[in-house]
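Here's a quick walk through one protein model, a piece at a time. Keep the sequence and the 3D view handy as you read.

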Amino acid sequence: MKDNKLLKKTKVPFFLPHISSSDKKSIINALKSPLLTDGPKLREFEFDFARFIGAKYAIGVSNATSALHLTLKSLGVKKGDEVIVPDITFVATINSVLLCGATPVLADVGKDDLNISIDSVKNSITKRTKLILPVHMAGKICKINEIRKIAKKYDLLVLEDCAHAIGTKLGEKHAGTFGDAGCFSFYPTKNITSIEGGMIITNSKKVAESVTTSRNHGLSRSLMHRFSHGKPWDYDVLEPGYNYRLDEIRSSLGSSQLKRIDQINSLRKKICKYYTDSLESIDGIKAPAISGKNDHAYHLYIIRVTKNYPISRDELFRRFTNDGITTSLHYKPLNMFTAYKKSAKVYDKLDNSKELFDEIISLPLYLTISRKQQELVVKCIRDNSKLSHS
Ligand SMILES: Cc1ncc(COP(=O)(O)O)c(C=O)c1O
């Protein structure tokens, strides 16, 4: 009841999903299929996604967390290995490392882009380091070429967390194709959704085969293959695996949304441009994860409420809430969580991420946000910028 009242008061939600009539048709169509999982719709989604990214292989799984987990395992990450992750990311990034039995090492992020700091990566390397796991935060490409150089110098692997990066490019190359593999999320808030869902992309046949086997219990043959070729029970178990499959309904929804990805991303860009144009001149407000010349996925619009702004981030959050505007925060730094205080290592100072945690706030961003709603968000920031410093 209380929750309903809160929703009624909301003038600008933080996020709303967008499911078109063709998305709905694709779901109904998939429900008519004799195979509801591990079937042709998944193959189609994988084929289209690989083509969109420009990767040799795309392997659909249940979500990006399982994608990261499987890929790290297939790259040989295990107990005794260290994996460098940014201190500001969603917890799935670090959880996937811990699920492999390896030790995560927290690196600082840049105040200029909220992405993993190159200096901090360098300061975090030890003889146990096996892999660097950068995130393209908010859809902005991280300094991936510099990460590749470091990886080459120290003989390390690179796995790109591309959960925010559907459409993020550097030059002609899509995020996820710079390192050994990339993992994407189709969670409802992402640029395209399959409700739950994830995709691993790689140019390595070995990684592709390994994750394909382990997403399906470690079986040597898929459901579709078993029921179309020979005896269905004629399979081997190559290794103990997981059930991380992506079903046919989700695959169809993902495929349907992928068809409109260019349209979706250009609309997101337009929405972000309005924020940028309106906020640029406001003293104390910065939008670090948005600036830059590269192709951006515009997944999140994160602002920094710096000391030059008259009120704190927390106070601005309260005023947004009073005005019926829902905002969010991406993300509370990993070093602050109980679980990682015990399990993660830190070799460098995390000064930027600690400072950013008090400053960042994410503005509403979704396809159906109206100009009027955006004006309300901007008005709240602008009106409060006129107050004298407290
Ligand atoms: C950076 C990052 N990595 C991984 C994930 C995990 O994605 P999923 O919810 O598909 O498991 C998310 C999801 O929000 C994310 O933001």
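## Starting at Thr129

Thr129 sits in strand β4, which spans residues 129-132. Helices and strands here are DSSP runs, numbered from the N terminus: H or I over at least four residues for a helix, E over at least two for a strand. Thr129 is buried, at 9% relative accessible area; buried means under 20%, exposed over 50%, and partly exposed in between, with a 1.4 Å probe and protein chains only as cover.

What does the side chain of Thr129 reach at 2.8 Å? The backbone nitrogen of Thr126. A polar contact is a pair of N or O atoms within 3.5 Å; within protein, one has to be able to donate a hydrogen and the other to accept it, and residues adjacent in sequence count only if both atoms are side-chain atoms. Setting aside neighbours within four places in sequence, Thr129 is in contact with Glu82, Ile84, Ser124 and Leu156, where contact means heavy atoms within 4.5 Å.

## Ground rules

This is a predicted model, so local features need pLDDT of at least 70 and side-chain atom pairs count only at pLDDT 80 or more, while totals for chains, interfaces and linings use all residues. Residues are numbered from 1 along each chain as its sequence is written, and side-chain values use heavy atoms, with hydrogens and water left out.

## The seven-stranded sheet

β4 belongs to an open sheet of seven strands, ordered β1-β9-β8-β5-β4-β2-β3, with mixed pairing. Two strands pair if DSSP finds at least two bridges between them. At the edges are β1 (57-61) and β3, each pairing on one side only. On average, neighbouring strands of this sheet are turned by 25 degrees against each other, direction ignored. Axes are lines fitted to C-alpha atoms, for helices over the stretch in contact, and angles run from 0 to 180 degrees between N-to-C directions.

At the β1 edge, β1 and β9 (residues 198-202) run antiparallel and are joined by five bridges, with Ile59 standing opposite Ile200. Helix α3 (residues 40-53) lies across β1, β8 (181-185) and β9, at about 135 degrees to β1. Helix α8 (residues 205-214) also packs on the sheet, touching β1 and β9, and its direction makes about 20 degrees with that of β1.

## Over at β3

Now for the other edge. β2 and β3 pair in the parallel sense over five bridges, and Ile84 stands opposite Val105 in β3. How many residues of β3 are buried? Five of its five, so the strand is mostly covered. Thr103, Val105 and Ala107 point one way from β3, and Pro104 and Leu106 point the other way.

## Helix α5 and its neighbours

Helix α5 (residues 91-99) has Ala92, Thr93, Ile94, Ser96 and Val97 as its buried residues. These pack against α4 (64-74), β2 (82-86), β3 (103-107), β5 (157-161) and α13. Just after α5, Gly101 takes a positive phi of about 85 degrees.

One of those packing partners, α13 (residues 338-343), holds Ala339. Ala339 counts as partly exposed, at 44% relative accessibility. The C-alpha atoms of Ala339 and Ile118 are 25 Å apart, with their positions 221 residues apart along the chain.

## The ligand site

Which of the 16 residues around the ligand come nearest? Ala64, Thr65, Asp161, Ser185 and Lys190 do, a residue being near if one of its heavy atoms lies within 4 Å. A backbone N or O atom of Ala64 is 2.9 Å from a ligand oxygen. The side chain of Asp161 puts an N or O atom 2.8 Å from a ligand nitrogen, and a polar side-chain atom of Ser185 lies 2.8 Å from a ligand oxygen. Taken alone, the ligand exposes 390 Å², and the protein buries 93% of that; these areas come from the Shrake-Rupley method with a 1.4 Å probe, and for residues only the protein chains shown count as cover.

## The three-stranded sheet

Another open sheet has three strands in the order β10-β11-β12, with antiparallel pairing. β10 (285-286) and β12 (360-363) stand at the edges with a single partner strand each, so one side of each has no neighbour in the sheet. β10 pairs with β11 (residues 301-305) over two bridges, and Lys286 stands opposite Arg304 in β11.

Helix α11 (residues 261-279) lies across β10, β11 and β12, at about 20 degrees to β11. Helix α12 (residues 313-322) packs on the sheet too, touching β11 and β12, and its direction makes about 25 degrees with that of β12.
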